[in-house]
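Subject: Structure for you to look over

Hi,

Here is the structure I promised to pass on. Please open it first, then read my notes below.

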Amino acid sequence: MTEEVKASSRQQRRLEKVQEEVNKKETVDNTKPTKWVQIRMFPIWLRILIVIALFCISAIAGLMIGYGIIGDGEPKDALKWETYQHIIDIKDGK
């Protein structure tokens, strides 16, 4: 019976050592800073499309302001092809 008690106490000590090692590893793992994971609200392709759309809108607004308010024309005329055809004709000397 003493051998059984000795064997069981040895096994108990081994189990305690293994448990301590596991606890040490868990505490070491828990103290490591977590890596930052970025979740995008808008995918990159959507951001690119939004930037292109904003560029087009600002270009159209700039044309209308420049032609209609700064110049002496009607702002809607800045969007007509005839206006640019007239500018090309003047440039070519027609």
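The notes below go from the overall fold to the surface patches and then to the salt bridges.

First, a caution: this is a predicted model.

Overall fold. The chain has three helices and zero strands. From the N terminus, the order of elements is α-α-α. Of the 94 residues, 3% are buried. The exposed area comes to about 9200 Å². Carbon and sulfur atoms supply 63% of that area.

Positive patch. Start with helix H1, which covers residues 2-31. Arg14 is found there. Together with Arg10, Arg13 and Lys17, Arg14 forms a patch of positive charge on the surface. Is Arg14 buried, partly exposed or exposed? Its relative accessibility is 60%. The cut-off for exposed is over 50%, so Arg14 counts as exposed.

As background, an α-helix has 3.6 residues a turn, so residues three or four places apart point the same way. Keep that in mind when you look at the numbering in both patches.

Nonpolar patch. Next comes helix H2, residues 44-70. Which residues make the nonpolar surface patch? They are Ile44, Ile48 and Ile52, and the patch is about 280 Å². Ile44 lies in H2. Ile44 has a relative accessible area of 47%. Partly exposed runs between 20% and 50%, so Ile44 is partly exposed.

Helix H3. This helix spans residues 81-92, twelve residues in total. From first C-alpha to last, H3 reaches 16 Å. That is close to the 16 Å expected at 1.5 Å a residue. Gly93 follows H3. The phi of Gly93 is positive, near 85°.

Salt bridges. How many does the structure hold? There are two.

- Asp77 and Lys80: their side chains meet at 3.3 Å, N to O. Asp77 is partly exposed, at 23% relative accessibility. Lys80 is also partly exposed, at 42%.
- Lys91 and Asp92: the closest N and O atoms are 3.5 Å apart. Lys91 is exposed, with a relative accessible area of 67%. Asp92 is partly exposed, at 46%.

Where should you look for the second pair? Lys91 and Asp92 form that salt bridge, and H3 runs over residues 81-92. Gly93 comes right after.

To recap, the chain is a set of three helices with zero strands. Its surface carries a positive patch that includes Arg14 and a nonpolar patch of about 280 Å². Two salt bridges complete the list.

Best wishes

Note on methods: Residues are numbered from 1 along each chain as its sequence is written. This is a predicted model: local features need pLDDT of at least 70, side-chain atom pairs count only at pLDDT 80 or more; totals for chains, interfaces and linings use all residues. Side-chain values use heavy atoms; hydrogens and water are left out. Patches are made of residues with over 30% relative accessible area and no salt bridge: like charges are joined within 9 Å, nonpolar side chains (Val, Leu, Ile, Met, Phe, Trp, Tyr) within 5 Å. Accessible areas come from the Shrake-Rupley method with a 1.4 Å probe; for residues, only the protein chains shown count as cover. A salt bridge is a side-chain nitrogen of Lys or Arg within 4 Å of a carboxyl oxygen of Asp or Glu. Lys and Arg count as positive and Asp and Glu as negative; His and the chain ends are not counted. The place of a charge is taken as NZ of Lys, CZ of Arg, CG of Asp or CD of Glu. Helices (H or I, at least four residues) and strands (E, at least two) are DSSP runs, numbered from the N terminus. Buried means under 20% relative accessible area, exposed over 50%, partly exposed in between (1.4 Å probe, protein chains only). The expected span of a helix is 1.5 Å times one less than its number of residues.
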